[in-house]
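Okay, thanks for coming, everyone. I'll put the structure up and we'll walk through it together, starting with a contact between two chains.

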Protein chains: 14
Amino acid sequence: MDNTTIIAAVSIVTAGLTTGIGSMMPAIGEGRAVSTALSSIAQQPDAASTITRTLFVGLAMIESTAIYCFVLSMILIFANPFWNQFIVN
Amino acid sequence: MDNTTIIAAVSIVTAGLTTGIGSMMPAIGEGRAVSTALSSIAQQPDAASTITRTLFVGLAMIESTAIYCFVLSMILIFANPFWNQFIVN
Amino acid sequence: MDNTTIIAAVSIVTAGLTTGIGSMMPAIGEGRAVSTALSSIAQQPDAASTITRTLFVGLAMIESTAIYCFVLSMILIFANPFWNQFIVN
Amino acid sequence: MDNTTIIAAVSIVTAGLTTGIGSMMPAIGEGRAVSTALSSIAQQPDAASTITRTLFVGLAMIESTAIYCFVLSMILIFANPFWNQFIVN
Amino acid sequence: MDNTTIIAAVSIVTAGLTTGIGSMMPAIGEGRAVSTALSSIAQQPDAASTITRTLFVGLAMIESTAIYCFVLSMILIFANPFWNQFIVN
Amino acid sequence: MDNTTIIAAVSIVTAGLTTGIGSMMPAIGEGRAVSTALSSIAQQPDAASTITRTLFVGLAMIESTAIYCFVLSMILIFANPFWNQFIVN
Amino acid sequence: MDNTTIIAAVSIVTAGLTTGIGSMMPAIGEGRAVSTALSSIAQQPDAASTITRTLFVGLAMIESTAIYCFVLSMILIFANPFWNQFIVN
Amino acid sequence: MDNTTIIAAVSIVTAGLTTGIGSMMPAIGEGRAVSTALSSIAQQPDAASTITRTLFVGLAMIESTAIYCFVLSMILIFANPFWNQFIVN
Amino acid sequence: MDNTTIIAAVSIVTAGLTTGIGSMMPAIGEGRAVSTALSSIAQQPDAASTITRTLFVGLAMIESTAIYCFVLSMILIFANPFWNQFIVN
Amino acid sequence: MDNTTIIAAVSIVTAGLTTGIGSMMPAIGEGRAVSTALSSIAQQPDAASTITRTLFVGLAMIESTAIYCFVLSMILIFANPFWNQFIVN
Amino acid sequence: MDNTTIIAAVSIVTAGLTTGIGSMMPAIGEGRAVSTALSSIAQQPDAASTITRTLFVGLAMIESTAIYCFVLSMILIFANPFWNQFIVN
Amino acid sequence: MDNTTIIAAVSIVTAGLTTGIGSMMPAIGEGRAVSTALSSIAQQPDAASTITRTLFVGLAMIESTAIYCFVLSMILIFANPFWNQFIVN
Amino acid sequence: MDNTTIIAAVSIVTAGLTTGIGSMMPAIGEGRAVSTALSSIAQQPDAASTITRTLFVGLAMIESTAIYCFVLSMILIFANPFWNQFIVN
Amino acid sequence: MDNTTIIAAVSIVTAGLTTGIGSMMPAIGEGRAVSTALSSIAQQPDAASTITRTLFVGLAMIESTAIYCFVLSMILIFANPFWNQFIVN
């Protein structure tokens, strides 16, 4: 295993695991938020617009943590500074 | 094991695990959202259209985290930049 | 172990684990959705058609994550690009 | 260990684990669905036919994830393309 | 360790683990189903026949996942195609 | 370690673990079923005979998964086809 | 490590673990059954005899899974067929 | 490490772990049973004698699983047949 | 590492782990029993003497499992038959 | 593996895992906060502005822990002092 | 690593882990007992003296399991019979 | 691997894991605190100012544990005394 | 690695882990106790002095298990008898 | 790896893990305490001062366990007696 192979293999594994692990809990959190939104609308249909608006802000916040992971994986695959360093040498 | 073999093996394992792990929690989250939607419709049938619409937006958000993982796996299998680099060399 | 053996072994293990892990949580999510559907029908029999329709849409969404995993496994077994590369060489 | 031995051993282990892991959660999901069906029938005996029909559709959906795993195991044992490749050579 | 020893050892371990793991959750699922059936009968004795019939169908579905694992183990012990291949050679 | 030693050691470990793991969850499932049966009898003493009969059928179903594991262990210890093969040779 | 040492060591470890693991869950299951029996008696003292009788049948069923493990351990320690085979040779 | 050392070390570890693991869950089960007994007595002081009697039978059943483990550990330390075999030789 | 060192090291580790693991769950079980006793006394102060007496019997039963582990550890440290055997030789 | 390769590989893995692990729980925490906000608005629509304001402050606090992890990962990838040290030498 | 080093290292690790693990659950158990005591006092202030007395007896019982572990650690550090044996030799 | 490489690699991994692990639970704790604050405001809008003030003090306390971890990571990366020692030599 | 290095490394790791692990559960236990104290004061403000007094006694008991671990760590770092033995030699 | 490198690496890892692990549960405990305080204030605004005062004492007790870990980490990094010993030599 020469050096570029190691860097490539490590980058691939890390990119996959980061997205895989980082996507788990946002899905749970969003599921909980959506779930409560639905039961709240059923309980108080008049407040549906306020609830929906707050829900979307909250989903955006939760989704942001999944996006951090996805962005990091994309950086590791397509803009990896260590890889560029080794390719150049 | 030469270098291309290592990259190929690592890509296969990572692609599989990323999709496998990343599909677990969205399924739970969607199950919870759908579950609450059903009980909310049963409780307040008049709000069924609002509930269904909010549900679909929420499911799309939750599904997106599973899709991040699937997209990453597809990239690793069919458009892997590291693999292309090694094949070219 | 020559290279084709490694690729074959890794593909087999990954295909199995991906489907095995990826089938766990959709089953739970669907079980929860079906479970709530049944109690909702018992609570509000008049809304049975709306509930059933929403249930089927939801089950399709949840099942989709299991199908991602199954599709990935089938790709790894029957249309593995890395394997084809090694067989050709 | 020659190559065919490795492929055979890996196929056996993967087939077993895939079915073993993949059968766990469908059993839980079905148990939950059946459980709710029974209490729903007890609560609303008049809706028994609708409940039973929805239950069977749901059980079929849940069972499908277990069947994906079983099918994959059968493919690995009786129709393994990698194994055929090595036997032929 | 010659090749037949490896195949035999792997088959034994896989057969045991598959049945061991695969029997865990069906037992839980059936316990939950039986448990709800009993409390439903106590709550609505008039629906006992419907409940019992639905229970048996559900138990058969849940038991089927355990049987997949047991069948797979029996195949690995008594009708293992890989083993036959090695014995013949 | 010659070959018969490996087969013997693997058979012992597998037999033990299969019974050990496979006995865990049936005990939980039966505990839950018995537990509900008792509270159901206390709640509706008149249905005691129906409850008891359903309980025994359910316990037999749950116990069956533990028996699968025990039977498999006995096969591995006293009627192991791989062991017989090696002893004969 | 000669062969008899391996078989002896493996038998000791397996016997211990099988009983250790296999005794965990029956204790939980019995605790739950006894617990419900006590609260049921407190709730409906008139049905104490029926409850107690059903409890003892249930405890016997649950205890049976622990006894499977204990019997297997005793077989491995005092009537191990593999050990006898090696001692005779 | 000669053979008697291996057998002795394995026996010590197994004896400790068996008792350690096997004592965990009976303590939980007994705690639950005692706990329910106390609240049942507080709820129905007139049935205290029946409750106490049933409690002691139940505790004896639960304790029996812990005693299986302790007995097995004592056998491994003070009456180990494998050890005696090696000492004699 | 000569033989007496191995036996001493194994005995120390086993003694520590057995007591450490074996002390965990009795503490939980006793905490639950004491907890219920206190709320039962608050609910029914007239039955305080019966409750306290039953509590002490129950605590003694639960504590016994912790004492099994402690006794085993003491045996391994101060009256280890294997150690004595090696010291004598 | 020369030294720069080790530092690069370790930095990649650490950056990925830190973001992956550190993004899990904030998503859960935010999901819980959003969820309660929605049900609180449904319960007391008049306090929606106060609730929303408090929610956003709280989400910012929770998000901050995810951002610590993301910042640390960015430092490790783009401003790693150890890497700079090794590159300079 | 000579023999005294092994014994010293093993004793240090075991002493630390035994106290560390063994202190976890007593803290939980005591927390639960104290917690119930406080709510019981709030519910029935007249029985405060009985509750407090029973609480202290219970805390002493629970603390005893933590003390078993601490005593064992102190024995391993300051009065280790195996260590003394090796020092003397 | 020379010594400075080891220290650098260990520092990177430790810094990442410390922040990653240490950020998990504060997020949960803050989520719980914010969640209760919101439902408390909805329940008692008049006490909103007291609740908000107490909430912020509590969040600061909880955040402090996450900050301990972040500070430690920064020390390990930018002001590591061991690293300075090795660089100087 | 000479002997003093091994003892020092083992002491450092053990001291850290003992305090780290041993501080987890007391924090949970104290959190639960404080939590119940607050809700009890809110429910019965007149008993605040009794509750507070009992709370402090309980917190002291729970804190004691954390202090055992901290004391043990301090002994291992600053008054380690094994270390002193090796330094003297 | 010479000896000072080992001590430095072990100290860094231990310091990080101790703070990381030890900060988890205090955050949960404080979150629970703050959470109950808020709902108690909402329930009984008149007792807000007593609740707040008790809350701060409790938070200080819980925070103390996190501080034990942080102090230990600081000792290991900046005042490590083993390190000083090795540096001096």
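So, chain M and chain N: the contact draws on 45 residues from chain M and 40 residues from chain N. Keep in mind that this is a predicted model. Together the two chains bury about 3,700 Å², and 80% of that is on carbon and sulfur atoms. Which residues of chain M lose the most area to chain N? Those are M:Ile12, M:Leu38 and M:Ile77, and together they make up 17% of what that side buries. And how many salt bridges does the rule find across the interface of chain M and chain N? Zero.

Now, how do these two copies relate? You can superpose chain M on chain N with a rotation of 26° and 0.0 Å of shift along the axis, and the RMSD is 0.0 Å. The copies meet through different surfaces, because only 16% of the interface residues of chain M are also interface residues in chain N. Chain A and chain B tell a similar story. A turn of 26° with a shift of 0.0 Å along the axis lays chain A on chain B, with an RMSD of 0.0 Å. Here, too, the copies use different surfaces, with 16% of the contact residues of chain A recurring in chain B.

Some pairs of chains don't meet. Chain D and chain J do not touch, and their nearest C-alpha atoms are 23 Å apart. For chain B and chain K there's no contact either, and the closest C-alpha atoms lie 30 Å apart.

On to the rings. Searching the whole structure gives 32 aromatic pairs over all chains. One of them is A:Tyr68 with J:Phe70, which is stacked, at 4.6 Å centre to centre and 15° between the planes. This pair crosses between chains: A:Tyr68 sits in helix α3 (residues 48–78) of chain A, and J:Phe70 in helix α3 (residues 48–78) of chain J. Are these two buried or exposed? A:Tyr68 has 16% relative accessibility, so A:Tyr68 counts as buried. J:Phe70 is at 18%, so J:Phe70 counts as buried as well.

Then look at C:Phe70 and D:Tyr68, another stacked aromatic pair, with 4.6 Å between centres and 15° between the planes. C:Phe70 is in helix α3 (residues 48–78) of chain C and D:Tyr68 is in helix α3 (residues 48–78) of chain D, so this pair joins two chains. Both C:Phe70 and D:Tyr68 are buried. There's also a cluster, where ring pairs link A:Trp83, B:Phe82 and B:Phe86.

What does the UniProt record add for chain A? An unreviewed entry annotates residues 57–79 of chain A as "transmembrane region". That span is 96% helix and 0% strand, and its end C-alpha atoms lie 30 Å apart. UniProt, again from an unreviewed entry, also lists residues 14–76 of chain A as "domain: V-ATPase proteolipid subunit C-like". In that span, the end C-alpha atoms lie 8 Å apart, with 92% helix and 0% strand.

Last stop, K:Val10. You'll find K:Val10 in helix α1 (residues 3–22) of chain K. K:Val10 has a relative accessible area of 18%, so K:Val10 is buried. What is K:Val10 in contact with, leaving aside neighbours within four places in sequence? I:Ala9, I:Ile12 and I:Val13. As for K:Ala66, K:Val10 is 56 residues away from K:Ala66 in sequence and 21 Å away in space, C-alpha to C-alpha.

Conventions. Residues are numbered from 1 along each chain as its sequence is written. Chains are lettered from A and ligands numbered from 1 in the order in which they are written. This is a predicted model: local features need pLDDT of at least 70, side-chain atom pairs count only at pLDDT 80 or more; totals for chains, interfaces and linings use all residues. Side-chain values use heavy atoms; hydrogens and water are left out. Copies are superposed by least squares on the C-alpha atoms of residues with pLDDT of at least 70 in both. Contact means heavy atoms within 4.5 Å. Rings of Phe, Tyr and Trp (its six-membered ring) pair if their centres lie within 6.5 Å; planes under 30 degrees apart count as stacked, over 60 as edge-to-face and the rest as tilted. Helices (H or I, at least four residues) and strands (E, at least two) are DSSP runs, numbered from the N terminus. Buried means under 20% relative accessible area, exposed over 50%, partly exposed in between (1.4 Å probe, protein chains only). UniProt positions are given in the numbering used here, feature names are shortened, and annotations may be inferred rather than shown by experiment. Buried area is the accessible area (1.4 Å probe) that two parts lose on being put together, summed over both. A salt bridge is a side-chain nitrogen of Lys or Arg within 4 Å of a carboxyl oxygen of Asp or Glu.
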